[in-house]
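Below is a short briefing on one protein chain. Please keep the sequence and the structure in view while reading.

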Amino acid sequence: MVVHELSPTDARRIAVRAQLLDSSRPVELLDVVRRLTLLQIDPIAAIAPSADLVAWSRLGSSYAPADLSRALENRTLLELRAMIRPSEDLALYRAEMAEWPGSGQLLPWQEYRRDWVRANDACRLDILDRLGSAGPLPSRDLPDTCEVPWKSTGWTNNRNVTQMLEFMVVRGEVAIAGRGGRDRLWDLATRVYPDDQVVPVDEAVRTRDERRLRALGIARARGPECPVEPMDVSEAGEPAVVEGVKGTWRVDPTLLGQPFSGRAALLSPFDRLIHDRKRTLELFGFDYQLEMYKPAAKRRWGYFALPILYADQLVGKLDATADRKAGVLRIDAIHQDIPFTKTMTAAIDREIKDLSHWLELDLTLPR
């Protein structure tokens, strides 16, 4: 097979176009989620929830968060492990759910989880019985009859019901049926998931790799293990090398050789274009970290700084906060990684104004 030789510009444009961030904006939320394969859920909303920010950055101010709420209510989109996915994609996960905690030789952490669920099987059955008779319910309304507490060095320690629910999700037994405020509402998976034909594991993994590459455009075949959504794509697509970057990539051949027209965009810190920080540095030369967990004095760009895309380059970060009590979108700083031209400045300013318009907040600029 021919190895495609790409310039850094080629690689960046493939990535931007794959993520629907070029000048040809999509018009439908469902089309966006199907192309991106997911919207990541995160509770931090210094400007807006990440899933909404990602949708807005593609669709513009025609997007309303109510559109996402409706899609979840009518279940054209579903929530699975903190990711919003098209409902038809659940068929690509059900076979693996049936094999939980995995096939073949299990790793020690898989054995620990399997053994903990087995030790608390009575609690699992109590939860299924309660949901069967009264679901959907928040986790606080479900019985904790675990005999062996869940042990963790993190925040999940002794949170037996929520931990059991997470394992029951990956077993395909329960699902998130909606939300009541910020509370997830749990129900039996048979009431939530579509009754589509289950795709066998090998075929499902291959299809997910292909869709992930279609969404990313260019990615590594192998990467660090990610518990929910991988960053690599195995043997999907075709091999490619990028001038000046070590190693071989995989590229979606349908995205090669297409004309490119870019625009300005403000990205969520969890946007898939920049989610793989190593890939972002290799292809875009863009150094970025989410700094909300750092002490204020050690932040370089801000609590929830938005990466700024212009055409095929990541050119800076926007330090902004949505102060809803005051009714303003406060711009604290615009960090320029490269000097902005007048054209860039005008395009980025328009995007900032569109963000404030979408949020229905007045814009307050730095002095």
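Which residues are buried in H12? They are Met-344, Ala-347, Ile-348, Glu-351, Ile-352, Leu-355, Ser-356, Trp-358 and Leu-359, where buried means under 20% relative accessible area, exposed means over 50% and partly exposed lies in between (1.4 Å probe, protein chains only). The model is predicted: local features need pLDDT of at least 70, side-chain atom pairs count only at pLDDT 80 or more, and totals for chains, interfaces and linings use all residues. Residues are numbered from 1 along each chain as its sequence is written, and side-chain values use heavy atoms, with hydrogens and water left out.

**Domains**

- The chain is divided into domain 1 (106-191) and domain 2 (264-364), with bounds that come from an automatic or database domain assignment.
- The centres of domain 1 and domain 2, taken over C-alpha atoms, are separated by 37 Å.

**Helices H12 and H3**

- Helices (H or I, at least four residues) and strands (E, at least two) are DSSP runs, numbered from the N terminus.
- Helix H12 covers residues 342-359, 18 residues in number. From its first C-alpha to its last, H12 reaches 26 Å, close to the 26 Å expected at 1.5 Å a residue; the expected span is 1.5 Å times one less than the number of residues.
- Glu-360, just after H12, takes a positive phi of about 60°.
- Helix H3 (residues 50-59) is largely enclosed by the rest of the structure, because ten of its ten residues are buried.
- The buried residues of H3 include the charged-side-chain positions Asp-52 and Arg-58, and also Trp-56 and Leu-59.
- Gly-60, just after H3, has a positive phi of about 80°.

**Packing of H1 against H11**

- Two packed helices are described by the angle between their axes and the distance between the axes.
- The axes of helix H1 (residues 8-18) and helix H11 (residues 277-284) come within 9 Å and cross at roughly 135°. Axes are lines fitted to C-alpha atoms, for helices over the stretch in contact, and angles run from 0 to 180 degrees between N-to-C directions.
- H1 and H11 are therefore oblique to each other; angles under 35 degrees count as roughly parallel, over 145 as roughly antiparallel, 65 to 115 as roughly perpendicular and the rest as oblique.
- On the H1 side, the contact is made by Ala-11, Arg-12, Ala-15 and Val-16, and on the H11 side by Arg-279, Leu-283 and Phe-284. Contact means heavy atoms within 4.5 Å.
- Of the residues in this contact of H1 with H11, five are nonpolar, none is polar and two are charged. Ala, Val, Leu, Ile, Met, Phe, Trp, Tyr, Cys and Pro count as nonpolar, Asp, Glu, Lys and Arg as charged, and the others, Gly among them, as polar.

**Cis peptide bonds**

- Trp-100 and Pro-101 are joined by a cis peptide bond with omega of about 10°. Pro-101 sits in the loop between helix H5 (94-98) and helix H6 (108-119).
- The bond from Gly-135 to Pro-136 is also cis, with omega near 5°. Pro-136 is in the loop between helix H7 (121-134) and helix H8 (160-170).

**Positive phi outside glycine**

- Thr-37 has a phi near 75°, positive in a residue other than glycine. Thr-37 lies in the loop between helix H2 (29-36) and strand E2 (39-40) and is buried, with a relative accessible area of 7%.
- Ser-234 has a phi near 55°, again a positive value in a residue other than glycine. Ser-234 belongs to the loop between strand E7 (218-219) and strand E8 (238-242) and, at 24% relative accessibility, counts as partly exposed.

**Contacts of single residues**

Neighbours up to four places away in sequence are not counted in these contacts.

- Ala-82 lies in the loop between strand E3 (77-80) and strand E4 (83-86) and is partly exposed at 37% relative accessibility.
- Ala-82 touches Leu-39, Gln-40 and Ile-41. Ala-82 and Leu-39 are 43 residues apart in sequence and 8.7 Å apart in space, C-alpha to C-alpha.
- Asp-252, in the loop between strand E9 (249-251) and strand E10 (264-266), is buried at 8% relative accessibility. Asp-252 touches Leu-213, Arg-214 and Gly-217.
- Asp-67 lies in helix H4 (residues 65-73) and is partly exposed, with a relative accessible area of 25%. Asp-67 is in contact with Leu-29 and Ser-62, and the C-alpha atoms of Asp-67 and Leu-29, 38 residues apart along the chain, are separated by 7.5 Å.
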